[in-house]
Amino acid sequence: MPKPIYVLNGPNLNLLGSREPHIYGSETLDDVRRRCEARGAALGFDIDFRQSNHEGELVDWIQQARVEGAALVLNPAAYGHTSVALYDALKTLAIPVVECHLSNPAAREEFRRHSYVSLAATGVIAGFGAAGYELAIEAAAGLVRKASPAA
Ligand code: CA2
C-alpha cells in the first residue's frame, strides 16, 4: 500500500450540512470523509482525513503530510484567503497539492478571490460541492502514479 493521501479541512467545515446548504450542500463532513475513503480505496490509496479550526494545527498536519503523505488535498476554508503560514508550509512540500473548495470562491465576494494556497498548489478544484473532493483525490492519485508508476 502506498503512503496515504492526506485530506485536510480548515475552519468551520465541521459545521458542514448544518447551515448554508445553498452554498455548501447538505452533506456533512462525515459524508465527505466517506466519499473520500471510497474513492481512495478504489484508486488504491488510504485516506487520512482531518479537520481543524486552528491555523497552527493545520500547519503541523501539512508538515506531517510532507513526510508521511503521498499527496495532499486541502480545503483551507477561510485560511486560504488569509494565511501566509499555510502558504509557507505548503511551499516546503515536494508531493502534489490539490486545493479543493466546495463552492466556487471566484464567483463570490471579492475577498474570496485571492488564495495564498493557490500560489503553492499543483491545481485547484472548486464549485463542484462534495463531489469535488473525489475529483481532487483522482487528480492527486494520478499525479502520484505519474511520478512513481509502481506506487
Ligand atoms: O467553498 C469552500 O469550500 C470554502 O473553502 C468554504 C469556506 C469559505 O471561507 C471559502 O471561501 C470557500 C467556509 C467554510 C465554512 O463552512 C461552513 C459550512 C456550513 C455551515 C457553516 C460554515
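**Ligand site and its pocket**

In this predicted model, an oxygen atom of the ligand is 2.9 Å from an N or O atom in the side chain of Arg112, a polar contact in the sense of a pair of N or O atoms within 3.5 Å. The side chain of Ser103 also offers an N or O atom, here 2.5 Å from an oxygen atom of the ligand. From the backbone, an N or O atom of Ala78 lies 3.5 Å from a ligand oxygen atom. Taken alone, the ligand exposes 510 Å², of which the protein buries 95% (Shrake-Rupley areas with a 1.4 Å probe).

The model being predicted, local features need pLDDT of at least 70 and side-chain atom pairs pLDDT 80 or more, while totals for chains, interfaces and linings use all residues. Residues are numbered from 1 along each chain as its sequence is written, and side-chain values use heavy atoms, with hydrogens and water left out.

Which residues keep the ligand company? It is surrounded by 15 residues (a heavy atom within 4 Å), the closest being Asn75, His81, His101, Leu102 and Ser103. This shell divides into 8 nonpolar, 5 polar and 2 charged residues.

Turning to the pocket, the ligand sits in the largest one (more than half of its atoms lie within 2 Å of the grid points). A pocket is an open set of points on a 1 Å grid over the protein atoms alone, where a 1.4 Å probe fits, with protein on both sides within 12 Å along at least five of seven lines. The volume of the largest pocket is about 380 Å³. Its lining (an atom within 4 Å of a point) comprises 18 residues, with Pro11, Asn12, Leu13, Tyr24 and Ala77 closest to the centre.

Methods
A polar contact is a pair of N or O atoms within 3.5 Å; within protein, one must be able to donate a hydrogen and the other to accept it, and residues adjacent in sequence count only if both atoms are side-chain atoms. Ala, Val, Leu, Ile, Met, Phe, Trp, Tyr, Cys and Pro count as nonpolar, Asp, Glu, Lys and Arg as charged, and the others, Gly among them, as polar. Grid points are joined across faces, edges and corners, and a volume is the space filled by probe spheres set on the points.
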